[in-house]
There are 4 protein chains.
Amino acid sequence: MAKVRVGVAGYGTIGQRLADGVAMQGDMELVGIADLAPTLAIRALRENGMVGANNVKYNLYLVGGADKAKFDALDIPVAGSFEDLCGKVDIMLDSSPGGVGAKNKELYEKMGVKAIFQGGEKNSVADVFFHGYANYEKGLGQKYLKLTSCNTTGLIRTVDCLDRAVGVEKVAITIIRRVADPGDYHRGLTNALQIDKAPSHQAVDLMTIMPHVEATGILVHTPVTHGHIITVLASGKDGKKITREQALEAFRAHPRIRTVTIDEGFLGNASLFKYARDLGNRRGDMYEIGLWEDSIVESGDDIMYAINIPQESVTIPETMDAIRAAMEMQPTREAGTAETNKYLRIGRFK
Amino acid sequence: MAKVRVGVAGYGTIGQRLADGVAMQGDMELVGIADLAPTLAIRALRENGMVGANNVKYNLYLVGGADKAKFDALDIPVAGSFEDLCGKVDIMLDSSPGGVGAKNKELYEKMGVKAIFQGGEKNSVADVFFHGYANYEKGLGQKYLKLTSCNTTGLIRTVDCLDRAVGVEKVAITIIRRVADPGDYHRGLTNALQIDKAPSHQAVDLMTIMPHVEATGILVHTPVTHGHIITVLASGKDGKKITREQALEAFRAHPRIRTVTIDEGFLGNASLFKYARDLGNRRGDMYEIGLWEDSIVESGDDIMYAINIPQESVTIPETMDAIRAAMEMQPTREAGTAETNKYLRIGRFK
Amino acid sequence: MAKVRVGVAGYGTIGQRLADGVAMQGDMELVGIADLAPTLAIRALRENGMVGANNVKYNLYLVGGADKAKFDALDIPVAGSFEDLCGKVDIMLDSSPGGVGAKNKELYEKMGVKAIFQGGEKNSVADVFFHGYANYEKGLGQKYLKLTSCNTTGLIRTVDCLDRAVGVEKVAITIIRRVADPGDYHRGLTNALQIDKAPSHQAVDLMTIMPHVEATGILVHTPVTHGHIITVLASGKDGKKITREQALEAFRAHPRIRTVTIDEGFLGNASLFKYARDLGNRRGDMYEIGLWEDSIVESGDDIMYAINIPQESVTIPETMDAIRAAMEMQPTREAGTAETNKYLRIGRFK
Amino acid sequence: MAKVRVGVAGYGTIGQRLADGVAMQGDMELVGIADLAPTLAIRALRENGMVGANNVKYNLYLVGGADKAKFDALDIPVAGSFEDLCGKVDIMLDSSPGGVGAKNKELYEKMGVKAIFQGGEKNSVADVFFHGYANYEKGLGQKYLKLTSCNTTGLIRTVDCLDRAVGVEKVAITIIRRVADPGDYHRGLTNALQIDKAPSHQAVDLMTIMPHVEATGILVHTPVTHGHIITVLASGKDGKKITREQALEAFRAHPRIRTVTIDEGFLGNASLFKYARDLGNRRGDMYEIGLWEDSIVESGDDIMYAINIPQESVTIPETMDAIRAAMEMQPTREAGTAETNKYLRIGRFK
């Protein structure tokens with residue numbers, strides 16, 4: 001069977017990882033990446049002879065407005081225009097800066113290619129707001145999908161997991177958000193916590209994906225770069241108690257949830273970041289969210305727990321799922337996510 | 001009526017503020033402070049001619065092991081020994097480093113003086129675990145009281161406030177803890193969030209003070225210095241719904257809760273720290289906790305909200321309450337806290 | 001003698017402190033402050049009944065574009081327009097956001113009032129680029145003065161001090177810059193050091209004020225809020241050696257340089273910030289720069305040392321000097337700075 | 001020719017990278033690593049089937065005091081004791097916690113193996129204080145070598161480079177030190193700069209390695225994790241001027257110095273950390289120091305510049321050099337460092 005041909009628009013923090021993710025899928029071909037300027041990410045690729053993950057060659061296409069002379073001056077090979085790239089793919093992964101994706105969609109429509117947008121775009125850009133585990137089937141054969149944002153993606157992994165195991169009716173979350181990625185200089189916060197108006201968009205988004213769950217929450221920004229931490233209080237369906245044991249069992253069985261403990265040495269988000277580097281993972285990334293077993297406590301009949309969201313890489317698996325759904329490569333949630341997990345080597349630690 | 005004579009053991013972050021607090025009470029006399037070494041706090045006092053808040057002279061006594069020669073070399077006047085101080089007071093406020101208070105208690109017992117310990121000591125050091133608003137009457141005439149810690153003090157203000165207004169049965173909290181005070185070099189955290197084993201001690205402590213409420217929670221340390229933020233999810237008694245309006249009305253009426261909004265410019269803990277400095281408050285302190293009106297959301301029948309805890313100064317008012325209870329200066333919670341509020345000018349912004 | 005009538009345009013971080021500074025000068029009258037919106041700073045003033053430093057009433061005037069209804073809604077009294085204020089003063093202190101001062105100057109010219117601009121404006125806005133200790137006499141009777149920025153102000157205090165004591169020919173500086181003020185949310189840096197293109201503007205500015213000194217330097221931004229640290233390597237005039245003893249003696253004698261040591265407990269910029277709060281200084285501010293005696297080392301014939309710049313308040317004394325120069329209140333550097341020091345209680349620790 | 005057999009004692013931040021470095025050398029064999037407890041680093045290795053860099057199997061040996069049962073419980077294979085490891089190697093790389101290396105030396109002496117210690121040990125532990133570029137020949141055939149610390153290693157690369165190109169007589173440095181590594185929880189600093197007593201040990205160490213250069217400096221700790229920044233002011237030999245062009249040319253030619261610019265996007269230490277991750281380097285590490293071309297300025301006849309030290313990995317190349325010197329694998333500095341550079345792919349970007 002022919003490999004599905006995939007392009008990536010925007011080679012930033014997410015785009016780099018999407019390209020790597022596609023390069024690792026045995027049933028997909030990374031046709032190329034598109035960007036505007038010779039950023040550090042592009043320069044690093046050039047230093048590596050344009051070779052990325054899995055020893056795959058990454059062909060670079062230029063989006064409109066790019067100055068080719070700047071690439072030539074740096075001896076960075078250019079394979080063509082953004083339109084050229086769109087002409088060669090079945091589906092585009094759009095990780096352009098927020099708002100640009102909606103503009104790119106005009107080209108996708110004109111060229112007849114499907115597309116998957118990241119969380120920064122408005123929901124209206126897509127036919128389906130997608131999560132690999134929570135609503136895979138809704139994405140089947142669809143043209144335009146939008147992924148949940150990093151926090152929502154990880155959060156839903158756990159709520160969907162609990163919901164399938166024991167039934168969930170309501171969640172209240174507190175998001176302790178990291179403000180920047182390692183290497184970011186365009187945003188930051190210094191010695192300050194910042195609060196957003198409640199409810200947080202992540203709670204609202206969860207309800208869009210899982211309409212049978214009532215969700216609300218508060219978000220607080222913190223001046224760190226390595227992983228959001230979210231506390232979740234989940235109430236069982238019809239007032240049914242969720243026990244610590246039930247929750248633990250369900251979480252431990254989920255391929256994209258890594259249950260960890262403080263005693264092992266996972267003291268916080270920085271420990272998980274370090275661990276992913278020590279694993280030798282490309283870019284020091286982790287696809288799984290961390291969930292602290294020591295954080296799981298019962299609050300009356302409700303269950304409370306804390307998770308860690310590796311913001312740079314957490315949406316990559318669900319985006320691969322989205323390709324499989326949109327291109328109808330696998331017919332079910334189970335088959336789609338299993339294929340993604342296999343190629344990304346997710347769950348090998350179980 | 002004679003003023004109650006008060007001493008302060010330990011002139012650190014809390015002790016300085018306790019001394020200032022006592023100096024501001026019209027019905028108390030600050031007999032003296034005791035410390036071990038010529039710290040920056042003592043040097044600052046010396047630079048001011050040993051004059052502190054309210055133009056009160058702070059007499060310095062030395063605890064055992066102190067090297068008087070060091071004070072002499074710096075021309076810092078010494079009024080006597082710790083034992084001398086204990087002989088002149090009715091009650092001691094003990095803000096020594098954790099564990100030292102328990103040892104000091106032997107002297108208090110021998111000298112027949114009452115004492116109030118801060119949150120760092122074990123509960124067993126005291127007869128009563130005290131909070132001015134939640135259990136003032138329990139402290140009446142008692143010999144040894146222990147204050148709740150900074151987070152617990154602020155948290156209980158709101159839970160007790162809600163409980164008296166509408167009834168509270170259960171709370172689940174997420175504490176976003178600052179790791180250091182401004183000026184701290186002996187502890188810290190750099191670009192990392194750190195999680196503690198759940199449940200947090202603050203939830204457990206709340207249940208000790210308010211035994212009819214079930215509480216649990218998760219605590220995450222963050223690398224900032226200006227104020228903890230806590231999110232609280234409170235469930236009404238007997239399953240009764242708590243509305244946003246009820247909560248808001250109750251919080252607005254509480255003298256030690258300052259309700260603020262993001263639109264006014266209170267973007268986070270640093271805004272409140274700045275505001276206290278701009279008020280010209282001594283040391284840039286604030287006695288009230290902040291509560292964001294924009295954070296109050298309903299979660300089904302439960303209510304969720306976020307508060308800011310000014311960790312350096314929040315326990316001062318409740319410690320003044322504790323003096324009033326222990327010395328039976330006022331017979332009721334209402335009278336005791338009102339007197340404290342008057343002298344500390346709390347609630348003038350209402 | 002009639003007091004010099006002073007107004008302050010812009011009641012932000014610097015403007016608040018300028019107003020406080022003027023309020024403390026026995027020979028000046030704070031006629032009023034001007035601002036655009038009911039910021040936290042204005043709200044804090046209102047909470048205090050519009051009373052600021054030294055129990056002085058701060059009259060509020062509104063700049064063009066301000067919406068008076070917003071002030072009325074908050075019961076904040078307004079005394080008139082910016083133009084009204086200009087009509088009542090001899091001199092304006094302009095601490096508007098960068099660039100606005102140049103526009104305000106048109107009004108100052110029209111109204112015939114003198115003005116002193118802060119470091120954010122271009123040098124061309126003023127007749128003299130001013131520093132109280134380094135070139136007081138140049139400001140005498142001038143109409144428009146511009147102050148050096150916070151780093152440059154503190155840096156020049158030490159270089160001018162050394163220069164007058166032993167002669168300085170060349171300096172090379174490294175500025176370890178704090179990126180935000182406490183309370184700032186509009187700028188920040190998270191877990192990152194950022195470098196600027198060399199030479200730093202502070203070195204260039206120093207040469208403008210002290211043209212006989214050659215200066216260069218490198219600036220690195222750090223994610224902290226409490227005080228810049230600058231290391232300085234100074235070379236003596238005509239290759240003459242500067243000894244550690246000479247430098248120490250000169251620094252110790254300067255009223256606006258506070259020499260401190262690590263052994264006393266001054267471990268870094270946060271210790272100095274804490275100390276200023278412990279002193280009970282308004283807003284926890286300090287007018288003096290800190291200079292670590294333990295940092296002074298000889299490098300061949302050159303001398304190297306490190307200073308701490310309290311960015312929020314360091315330029316206040318030199319701005320008071322500037323008023324005295326522009327209004328010809330004192331004829332000499334010695335008399336001008338001494339008068340400022342007296343009213344701001346600078347040097348009382350010597 | 002038989003490969004040199006190497007062991008690594010202590011599999012922490014440095015030890016992990018030393019093991020990886022050895023695994024990449026074509027003329028060395030990584031016999032094994034030794035540690036005390038199943039740390040996160042060991043757990044990550046186990047998750048990877050004990051396979052490390054270059055697909056090399058890492059055999060684990062236990063140091064005295066280790067509890068083998070803990071390793072067994074986690075299914076971590078143990079190859080033997082620390083003594084067993086010493087019996088199979090030609091040379092040990094000791095990256096034990098500071099002070100432990102000196103104790104280990106007794107075993108090395110008993111077993112007759114050579115050893116290379118890291119910067120945390122006292123100089124007296126070794127026969128030679130070593131730097132691959134500055135004094136390679138001194139290490140030839142020696143038994144015990146000690147590496148310079150991370151800052152000193154990077155600093156000396158540039159000073160030695162300048163010295164060989166144009167002659168250097170004196171340097172004055174300012175070290176802007178990161179306080180923790182990513183993943184560290186045992187040390188930290190929050191919103192504070194901390195200063196050490198001058199001169200910094202790095203300046204002193206530089207003089208030990210390069211006795212003909214006079215060096216001094218000031219060190220300031222900053223709350224970040226990604227790379228120290230050092231500013232250097234270097235004076236030419238016999239008062240000879242060093243021009244910007246000379247310096248730039250020399251730096252650009254050095255394999256272990258990566259000259260970068262702000263305009264390319266290298267805004268600070270975090271950009272370099274990000275870039276190393278984007279390169280796909282194992283653990284996101286970089287062996288080269290960064291040197292900002294935009295920071296190079298002339299200060300009279302002296303030259304000033306700023307460098308970035310990737311603290312986790314910078315000493316790895318010089319340690320490989322040290323093995324080559326101690327084992328007399330290459331006779332000269334040029335040959336020794338070139339071989340290291342080849343295997344670590346250093347300088348491929350030139």
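**Chain contacts and the covering of helix H9**

In this predicted model, 37 residues of chain A are in contact with 37 residues of chain B, two residues being in contact if their C-beta atoms, placed from the backbone, lie within 7 Å. The elements that give two or more residues to the side of chain A that touches chain B include strand S9 (168-178), strand S12 (228-236) and helix H9 (269-278) of chain A, and the largest share, 5 residues, comes from S11(A). Helices (H or I, at least four residues) and strands (E, at least two) are DSSP runs, numbered from the N terminus. The residues on this side of chain A divide into 20 nonpolar, 13 polar and 4 charged, where Ala, Val, Leu, Ile, Met, Phe, Trp, Tyr, Cys and Pro count as nonpolar, Asp, Glu, Lys and Arg as charged, and the others, Gly among them, as polar.

Residues are numbered from 1 along each chain as its sequence is written, and chains are lettered from A, with ligands numbered from 1, in the order in which they are written. Local features of the predicted model need pLDDT of at least 70 and side-chain atom pairs count only at pLDDT 80 or more, while totals for chains, interfaces and linings use all residues.

In chain B, helix H9 (residues 269-278) is mostly covered, with 10 of its 10 residues buried, that is, with 20 or more other C-beta atoms within 10 Å of their own. Among the buried residues of H9(B) are Leu272(B), Phe273(B), Lys274(B) and Arg277(B). The cover of these buried residues includes strands S12 (228-236), S14 (289-292) and S16 (302-309) of chain B, together with helices H1 (13-23) and H2 (40-47) of chain C. Just after H9(B), Gly280(B) takes a positive phi of about 80 degrees.

Technical notes:
A residue is buried if 20 or more other C-beta atoms lie within 10 Å of its own, exposed if 12 or fewer, and partly exposed in between; C-beta atoms are placed from the backbone.
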